[in-house]
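Here are a few notes for when you go through this one at the bench. Have the structure open while you read.

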Amino acid sequence: MEQNVLRPSKFSDIFWRGLYGVDYGDARYVVEVDFFDIKEKVRLYRDDRLVAEESSPASFDIGDATIEVAMALYGMKTARLIPHGQRPRPLAPLPGTAEDRRLSFGREHPVASMLLAAAAWIVLAVALVTQIPNLLNSIGHLTGWSMPTFGFPEWLNAFLGIAGILAGLDRGLRMKHNPLLDD
């Protein structure tokens with residue numbers, strides 16, 4: 001298969017690949033991102049053919065509209081189509097992607113999804129407040145300064161760190177972004 005043709009999504013892609021699409025004019029536009037790509041390359045496909053590639057944040061001019069894409073630490077900050085003179089429209093995650101599966105879970109189990117989302121927000125807020133001093137102290141060992149921490153046992157710090165990563169992942173899959181919590 002040619003490298004300039006959009007590769008179909010596979011189950012194993014849910015761990016690293018994001019695909020977001022929109023129909024506009026007479027074409028289907030798809031944005032592809034690799035969440036583990038250090039260069040944060042964003043590829044734009046028109047009718048499954050590669051037409052452009054930029055680093056995030058990316059802005060693609062498609063005639064009378066623009067597609068804006070920006071990656072976050074977990075997932076996407078934004079993926080949207082902005083028709084000139086009109087309101088922006090979000091790009092939808094394509095079927096089979098992790099984001100699509102999370103959104104489907106939200107539609108099928110709205111109460112459980114809402115509880116999971118609330119828990120993710122709380123975990124991120126708690127992890128931010130309690131773990132930042134630990135992170136700063138690990139950097140501070142190089143300079144000789146330190147700041148007070150909450151004195152949690154190591155297992156609780158490890159749990160909060162892992163829970164924070166999972167909460168950030170959930171927010172990324174729901175395509176929610178807050179610079180304070182998610183960057």
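**Notes on the sheets and a helix pair**

1. Start with a pair you can find quickly: E68 has R80 in β7 as its bridge partner. Keep in mind that this is a predicted model.

2. That pair belongs to a longer run of pairing. Strand β6 (residues 65–71) lines up antiparallel with strand β7 (residues 76–83), and 7 bridges hold the match.

3. Now zoom out to the sheet around them. It is open, has 4 strands in the order β5-β6-β7-β8, and pairs antiparallel. β5 (58–61) and β8 (89–90) sit at the edges with a single partner strand each, so each has one side without a neighbour in the sheet.

4. There is another open sheet to look at, with 5 strands ordered β4-β3-β2-β1-β9 and antiparallel pairing. Its edge strands are β4 (49–55) and β9 (92–93), each of which pairs on one side only.

5. Within that sheet, check β2 (residues 27–34) against β3 (residues 41–46): the two run antiparallel and are joined by 5 bridges. For a landmark, V31 has L44 in β3 as its bridge partner.

6. On to the helices. How do α1 and α3 pack? Helix α1 (residues 98–108) and helix α3 (residues 154–173) have axes 8 Å apart, at an angle of about 85°. Angles of 65 to 115 degrees count as roughly perpendicular, which is why α1 is described that way relative to α3.

7. Which residues make the contact between α1 and α3? From α1 come A98, E99 and R102, and they meet D170, G172 and L173 of α3. By type, the contact residues split into 3 charged, 2 nonpolar and 1 polar.

Conventions:
Residues numbered from 1 in each chain as written. Predicted model: local features only at pLDDT ≥ 70, side-chain atom pairs only at ≥ 80, totals over all residues. Heavy atoms only, no water. Axes fitted to C-alpha atoms, helices over the stretch in contact; angles between N-to-C directions. Parallel < 35°, antiparallel > 145°, perpendicular 65-115°, else oblique. Contact = heavy atoms within 4.5 Å. Nonpolar A, V, L, I, M, F, W, Y, C, P; charged D, E, K, R; others polar. Pairing = 2+ DSSP bridges.
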